[in-house]
Amino acid sequence: MGAAGEAGSSAGGAPTTDPPLVYGVDAQSCKGGLECPGGGSCCRRFEVPAGTFQMGTSTDTNAASDEMPPHTTTLRAFELEEFEVTVGRFRRFVELYDGSLPEPGSGALLNLANSGWRTEFAAQMPATRAALEDQLSCSVGSYQAFTAIAGVRETLPINCVSWYVALAFCIWDGGRLPTEAEWEMASAGGDENRLYPWGATTPNFAVHAVANCMGDGVAGCSPADVLPVGSRPAGRGRFGQHDLGGSLWEWVFDYYDATYYQAIGTCSNCANLSGLTPRVIRGGNFTSLALSLRATGRASKPPNAVDPYAGFRCAHSL
Ligand SMILES: [Ca+2]
């Protein structure tokens, strides 16, 4: 009792009244309402039903070697968020962020051992809110989405987030990161094996995806090419998710291994939970050409990379 009183008086300022950062509360980033384009909650999510599909491809002549061979993949049902995580949602995490971290093992997926948060991730996390805000300022005056004060950019997809921060956010919000297999199942429309999330149609960048620096309708890349989530509704996937092709690359849980498909074979609820440093990113970004928007396309970044081209969305187990 004495220590608390002394701290409050000796600081000479108002005691903090912020609630603590509590991990694992479902959709707390949208508490009180946070509306995204189309009129729904920015936290809305849609079920991707259980099923079996061919992950990867052997028929797409544009495919890279890391997309081959295709392998039969079975997944249990899960929910995937409709939108990439927005600035408005992420701001609520920032406002509470005090450096405290998820419990080890939280955010685990598919009952796989060694998934979820690990103690060794702590060293990769910003220690303070100020350090987190510093990361979010990775592209000041250009592509960065976050602003210190809420303004007109609240429905832009949050970028400048590391894999670690993305995972922590999803756990805080009651979810986790999708596995690479889950993400591809959503983007390919499961057993429809769509070339792009919307189908086989060659992308029209005014209609299907925020990509090719055509977000503003003008050739050439500029900050105006970063658009609110859900800006290309005709590009939604089979299960309702927006922007699986384009907008931002999306972090998924898996380690990246270019030869993973050659070794995995038929698998059920599989994920690559070991390997070297890089993690998988999927779906291309607002500067990408059509090639990167394909449902089977794979890329990677070091997990501590913070740049304006990558964001994420969260998955939720059922
Ligand atoms: Ca995307």
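In these legends a residue is called buried when its relative accessible area is under 20%, exposed when it is over 50%, and partly exposed in between, using a 1.4 Å probe and protein chains only. The model shown is predicted, so local features need a pLDDT of at least 70 and side-chain atom pairs count only at pLDDT 80 or more, while totals for chains, interfaces and linings use all residues. Residues are numbered from 1 along each chain as its sequence is written, and side-chain values use heavy atoms, with hydrogens and water left out.

**View 1. The calcium ion and its donor residues.** The calcium ion is coordinated at 2.3 to 2.6 Å by Glu84 (OE), Asp243 (O), Gly246 (O), Leu248 (O) and Glu250 (OE). Donors are N, O and S atoms within 2.8 Å of the metal, or 3.2 Å for Na, K and Ca, and because water is not among the atoms, sites may look incomplete. Along the sequence, the donor residues follow the spacing E-x158-D-x2-G-x1-L-x1-E. Glu250 is buried, with a relative accessible area of 0%, and Asp243 is buried as well, with a value of 3%.

**View 2. Helix 2 and helix 4 where they cross.** Helices (H or I, at least four residues) and strands (E, at least two) are DSSP runs, numbered from the N terminus. The axes of helix 2 (residues 87-96) and helix 4 (residues 163-172) come within 11 Å and cross at roughly 95°; such axes are lines fitted to C-alpha atoms, for helices over the stretch in contact, with angles running from 0 to 180 degrees between N-to-C directions. The two helices are therefore roughly perpendicular to each other, a term used for angles of 65 to 115 degrees. Arg89, Phe90, Arg92, Phe93 and Leu96 of helix 2 make the contact with Val165, Ala168, Phe169 and Trp172 of helix 4, where contact means heavy atoms within 4.5 Å.

**View 3. Helix 4 and what covers it.** Of the 10 residues of helix 4, 10 are buried, so helix 4 is largely enclosed by the rest of the structure. The cover over these buried residues includes helix 2, helix 3, strand 5 and strand 7 (279-282). After helix 4 comes Gly174, whose phi is positive, near 85°.

**View 4. The largest nonpolar core.** A nonpolar core is a set of buried Ala, Val, Leu, Ile, Met, Phe, Trp, Tyr and Cys residues joined through side-chain atoms within 4.5 Å. The largest one has 48 residues, of which Phe90, Phe93, Ile158, Phe169 and Phe312 touch the most other members. Helix 2, helix 3 (129-136), helix 4 and strand 5 (249-255) each supply at least two residues of this core, and its largest share, 10 residues, comes from helix 4. Leaving aside neighbours within four places in sequence, Phe312 is in contact with residues including Glu84, Phe90, Phe169 and Glu250.

**View 5. Ser187 and Tyr256 in their surroundings.** Ser187 has its place in helix 5 (residues 180-188) and is buried, with a relative accessible area of 0%. Apart from neighbours within four places in sequence, Ser187 is in contact with Arg194, Tyr196, Pro197, Leu244 and Ala295. Tyr256, by contrast, is partly exposed, with a relative accessible area of 21%, and is found in the loop between strand 5 and helix 6 (260-264). Tyr256 and Ser274 are 18 residues apart in sequence and 8.9 Å apart in space, C-alpha to C-alpha.

How values were computed. Parallel < 35°, antiparallel > 145°, perpendicular 65-115°, else oblique.
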